[in-house]
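Trainee: I'd like to learn how to read strands and helices in a model. Can we walk through one together?

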Amino acid sequence: MKRVMIAGGPGSGKSVLAAALGDKTGLPVYHMDKIHYRPGWVERSRAEKDRLTGEVHARDRWIFEGGHSSTYAERIARADTFIWLDVPVGLRMVRVLRRSFRYYGRTRPDLPDGCPERFNLQTVGFLRFIWRTRHSARAKLEAVYRDPPAHLTVHRLETLKDVGRYLESVPGRIPLTGGRRGDMAEPAKP
């Protein structure tokens, strides 16, 4: 296991699993939200997100969690492991609200600096987005899970117990390089 793609809807636990898996394996962890946003919740252009995502895909070792489904094919082509967190939408929405309150006014570790968690109209809009895309987003991930390329090992985790069992099954390793974080707070320049 050298390149791990973790996918699932917002609030499914991707960032938490990625951090735990990074701690256990020593693989560098990359968060899509650090590519998606600049400080101050400024969204990057699609072209810039595509480029930065491609920079992660090109690396030899990674755990890459998050969306940007337009680059899934490239990520899947490079990944050797695909983990789908298939968590019910109601639970995901509760988790999103819980983290909004938990980190209110502060930046979560999986976000760029200067993106404090908030609870406002954008939060309500985000919850609506989660609800509206619950079927379409899930269908994309289910297609990968049901018909993966031959090189890809797939896992579908639906509960915290599933996640715990999966993490227990992964052998721990000594990191090959210093540090496990592959944070892209300041993306590499081309």
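Mentor: Sure. Keep in mind that this is a predicted model. Let's begin with strand S1, residues 3–8: six of its six residues are buried, so S1 is largely enclosed by the rest of the structure.

Trainee: Which residues of S1 lie on one side, and which on the other?

Mentor: Arg-3, Met-5 and Ala-7 are on one side, while Val-4, Ile-6 and Gly-8 are on the other. They are all buried, so both faces of S1 are covered, buried here meaning under 20% relative accessible area.

Trainee: Okay, now pairing. Which strands does S1 join by bridges?

Mentor: One is S5, residues 62–65, which runs parallel to S1 and is joined to it by four bridges. As an example, look at Met-5, whose bridge partner in S5 is Phe-64. Another is S6, residues 81–85, where the pairing is also parallel and spans five bridges. There you can find Val-4 standing opposite Thr-81.

Trainee: And the helices? At what angle do H5 and H6 cross?

Mentor: With helices, you look at their axes. Those of H5 (residues 89–102) and H6 (residues 121–132) come within 10 Å and cross at roughly 160 degrees. Angles over 145 degrees count as roughly antiparallel, so that's how H5 lies relative to H6. Their crossing is right-handed.

Trainee: Which residues make the contact?

Mentor: From H5 it's Val-89, Arg-92, Met-93, Val-96, Leu-97, Arg-99 and Ser-100, and from H6 it's Thr-123, Phe-126, Leu-127, Ile-130 and Trp-131. Sort the residues of this H5–H6 contact by type and you get eight nonpolar, two polar and two charged.

Methods: Residues are numbered from 1 along each chain as its sequence is written. This is a predicted model: local features need pLDDT of at least 70, side-chain atom pairs count only at pLDDT 80 or more; totals for chains, interfaces and linings use all residues. Side-chain values use heavy atoms; hydrogens and water are left out. Buried means under 20% relative accessible area, exposed over 50%, partly exposed in between (1.4 Å probe, protein chains only). Helices (H or I, at least four residues) and strands (E, at least two) are DSSP runs, numbered from the N terminus. Two strands pair if DSSP finds at least two bridges between them. Axes are lines fitted to C-alpha atoms, for helices over the stretch in contact, and angles run from 0 to 180 degrees between N-to-C directions. Angles under 35 degrees count as roughly parallel, over 145 as roughly antiparallel, 65 to 115 as roughly perpendicular and the rest as oblique. A crossing is left-handed if the near helix is turned anticlockwise from the far one by less than a right angle, and right-handed if clockwise. Contact means heavy atoms within 4.5 Å. Ala, Val, Leu, Ile, Met, Phe, Trp, Tyr, Cys and Pro count as nonpolar, Asp, Glu, Lys and Arg as charged, and the others, Gly among them, as polar.
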